[in-house]
Amino acid sequence: MAAELTPLAVMVLGLTAERPMHPYEMVQTLIARREDRFANIRAGSLYHTVDRLLARDLLQVNEVERAGNRPERTVYAITAAGSTALRTRLSAMLGSPTTEFPELYLALAESHELPRAEVVDLLDRRLNAMSDELDYYRSARTQATDRGVSEMFLLDIGCRCATLTAQLDWLRSVRARLADGSLPWMDHARRGESAPCPLAGEDFSAIVGTPAHHASHTTHTEDVTT
C-alpha cells in the first residue's frame, strides 16, 4: 500500500502545481502565506519532504539555477504522478473523516476533576484566546477579500471562523452555567457516593449510523515524510 501524503507533502505538491520552485522558495512562500496554520514548517523537514517526493517520482528536477558565486539551486516541478497523488489525497481528506483527538474535548471530559471556580477562570482564559484568534482570521479574510482574493482560496479561513464562533458560543454558555451554579459539578457530591456515572459504551450503541472514523480503532497512516 502506498504511503499517504503528509500535510507538508500536500503543501509542497500544491506549490509546485502552481509553478516550479526550489525548496528555499517553498519555505518562504509557505511562511509568507501563514500556511503554518496547517502544519509545522521547518526548512529541514521540507527539504526531506522534497527528497522523498522526488524518490517516488511525484516531483522531478525542472532546472538547476546558477547565479555567480552563489550555490546551485535545484528547482523542482510536479509530475503527472504527483498531480494524481495530490488529487487523490485531497479527495480522501475532503470526503473521509479521519480520527482526530483535539485536546479540548479531553479537557472538557475530565474537567470535573478541577474545582468549579478554577474551571471558570480557565475557560475565561481560553475564551479570550479564542476570541483573539477569531478576530485574527476574520481580519485576514477581510483584507484578502478587499485585495480581490477569490473565496475559493479562503475556504479554510471560513471554516475556522465558523468553528470558532460555534465553540465560543457553546463555551460561553457552559462558563455562565458554571458561574451561576446551574450546571451540577463534582463539588456538589462526595466522590464515590452520589456523583453521576460517566458515559458508557451502551450510550452510543443505539445510535443509528457510526461515524466513519470510529469504524475501526486504528487509522492506517504512513508518512511519506516527517
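This report walks through the fold, the nonpolar cores, one helix contact and one aromatic pair of a predicted model.

**The overall layout**

Let's start with the big picture. The protein chain has eight helices and two strands. Follow the sequence from start to end and you meet them in the order α-α-α-β-β-α-α-α-α-α. The chain runs to 226 residues, and 27% of them count as buried. As for contacts between residues at least 6 apart in sequence, 66% join residues at least 24 apart.

**Two nonpolar cores**

In soluble globular proteins, nonpolar side chains tend to be buried together. Here, the largest nonpolar core has 23 residues. Leu-5, Leu-13, Met-26, Leu-46, Leu-53 and Leu-59 are the ones with the most contacts inside that core. Several elements chip in: α1, α2, α3, β2 and α4 each supply at least two of its residues. The largest share comes from α1, with seven residues. Here is where those five elements sit along the chain:

| Element | Residues |
|---|---|
| α1 | 7–18 |
| α2 | 23–32 |
| α3 | 43–55 |
| β2 | 73–78 |
| α4 | 80–95 |

There is also a second, separate core of 16 residues, and its members include Leu-123, Tyr-137, Leu-171 and Trp-185.

Back in the largest core, Met-26 is a handy residue to click on. If you skip its neighbours within four places in sequence, Met-26 is in contact with Val-12, Leu-15, Thr-16, Met-21, Leu-46, Val-50 and Tyr-76.

**Where α1 meets α2**

How do α1 and α2 lie relative to each other? Their axes come within 11 Å and cross at roughly 105°. An angle of 65 to 115 degrees counts as roughly perpendicular, so that is how this pair of helices is described. On the α1 side, the residues involved are Leu-8, Met-11, Val-12, Leu-15 and Thr-16, and they meet Met-26, Thr-29 and Leu-30 in α2. Sorted by type, the contact is made up of six nonpolar residues, two polar and no charged.

**A pair of tyrosines**

Finally, a look at the aromatic rings. A pair of aromatic rings is described by the distance of the centres and the angle of the planes. The model has one aromatic pair. The rings belong to Tyr-136 and Tyr-137, with centres 5.2 Å apart and planes at 75°, so the pair is edge-to-face. Are these two tyrosines buried or exposed? Tyr-136 is partly exposed, with a relative accessible area of 46%, whereas Tyr-137 counts as buried at 9% relative accessibility. Tyr-137 also turns up in the second core, mentioned above.

Note on methods. Residues numbered from 1 in each chain as written. Predicted model: local features only at pLDDT ≥ 70, side-chain atom pairs only at ≥ 80, totals over all residues. Heavy atoms only, no water. Phe/Tyr/Trp six-rings, centres within 6.5 Å; stacked < 30°, edge-to-face > 60°. Buried < 20%, exposed > 50% of the residue type's maximum accessible area, 1.4 Å probe, protein only. Core = buried A, V, L, I, M, F, W, Y, C linked by side-chain atoms within 4.5 Å. Helix = DSSP H or I, 4+ residues; strand = E, 2+ residues; numbered from the N terminus. Contact = heavy atoms within 4.5 Å. Axes fitted to C-alpha atoms, helices over the stretch in contact; angles between N-to-C directions. Parallel < 35°, antiparallel > 145°, perpendicular 65-115°, else oblique. Nonpolar A, V, L, I, M, F, W, Y, C, P; charged D, E, K, R; others polar.
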